[in-house]
Amino acid sequence: RDLENAKAELESQIEDLNEENERLKAANENMKTEDAKSMKEAQNSALTMQQQNEELKDQVKDYKRKVQKVEKEVKANKLELDELAQRVEEISRENETLEEANADLDYKVRCEEHNAKKQTLIAEKLRGKVEQKD
């Protein structure tokens, strides 16, 4: 009877162990499935990141080209500004010369007007004397 009890106990333990074994197998399969999903997600994520990295590299190349183009334009604009500044300086000097010449002419015109007034007065005085003699 003790042997039967022991046998029944052992069979019960074997059944419990078999159930535990089946449960562990199922858990192991679930973990394998989860690991496979995680691995697939990691691969997809890596691919996405690699694509984004390539796109960013292309964008960097584009920006570098744009920066070079803008730098060339800035350089050309600086040259043009320098040329314009020189031209403004030349025109400013020409204006100064013209203003001086204008001032000289203005002075000469005023002198001529003054002389003309003097001559007119002299002529009037002379006419007055001539008329008195007549």
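**Exercise 1.** In this predicted model, work out whether Ser92 is buried, partly exposed or exposed.

*Solution.* Start with the number: Ser92 has 35% relative accessibility. Now bring in the cut-offs: buried means under 20%, exposed means over 50%, and partly exposed is in between. So Ser92 counts as partly exposed. As for its place in the fold, Ser92 sits in helix H1. To get a feel for distance, take Lys64, 28 residues away along the chain: its C-alpha atom and that of Ser92 are 41 Å apart.

**Exercise 2.** Do the same for Glu9, then say which patch Glu9 belongs to.

*Solution.* Glu9 comes in at 46% relative accessibility, so this residue counts as partly exposed. Glu9 is part of helix H1, which covers residues 2-133. On the surface, Glu9 joins Glu11, Glu15, Asp16 and Glu19 in a patch of negative charge.

**Exercise 3.** Compare the chain with a compact globule of 134 residues.

*Solution.* First, count the elements: one helix, zero strands. Next, check the radius of gyration: a compact globule of 134 residues would come out near 14 Å, whereas this chain has 56 Å. Then look at the box around the C-alpha atoms, roughly 190 × 25 × 15 Å along the principal axes. Finally, ask what is buried: 0% of the 134 residues count as such.

**Exercise 4.** Describe the surface and the charges of the chain.

*Solution.* The exposed area is about 13,200 Å², with 53% of it from carbon and sulfur atoms. For charge, tally 26 positive and 35 negative side chains; the centres of these two sets lie 12 Å apart.

Methods:
Residues are numbered from 1 along each chain as its sequence is written. This is a predicted model: local features need pLDDT of at least 70, side-chain atom pairs count only at pLDDT 80 or more; totals for chains, interfaces and linings use all residues. Side-chain values use heavy atoms; hydrogens and water are left out. Patches are made of residues with over 30% relative accessible area and no salt bridge: like charges are joined within 9 Å, nonpolar side chains (Val, Leu, Ile, Met, Phe, Trp, Tyr) within 5 Å. Accessible areas come from the Shrake-Rupley method with a 1.4 Å probe; for residues, only the protein chains shown count as cover. A salt bridge is a side-chain nitrogen of Lys or Arg within 4 Å of a carboxyl oxygen of Asp or Glu. Lys and Arg count as positive and Asp and Glu as negative; His and the chain ends are not counted. The place of a charge is taken as NZ of Lys, CZ of Arg, CG of Asp or CD of Glu. Helices (H or I, at least four residues) and strands (E, at least two) are DSSP runs, numbered from the N terminus. Buried means under 20% relative accessible area, exposed over 50%, partly exposed in between (1.4 Å probe, protein chains only). The radius of gyration is taken over C-alpha atoms; the globule rule is 2.2 Å times the number of residues to the power 0.38.
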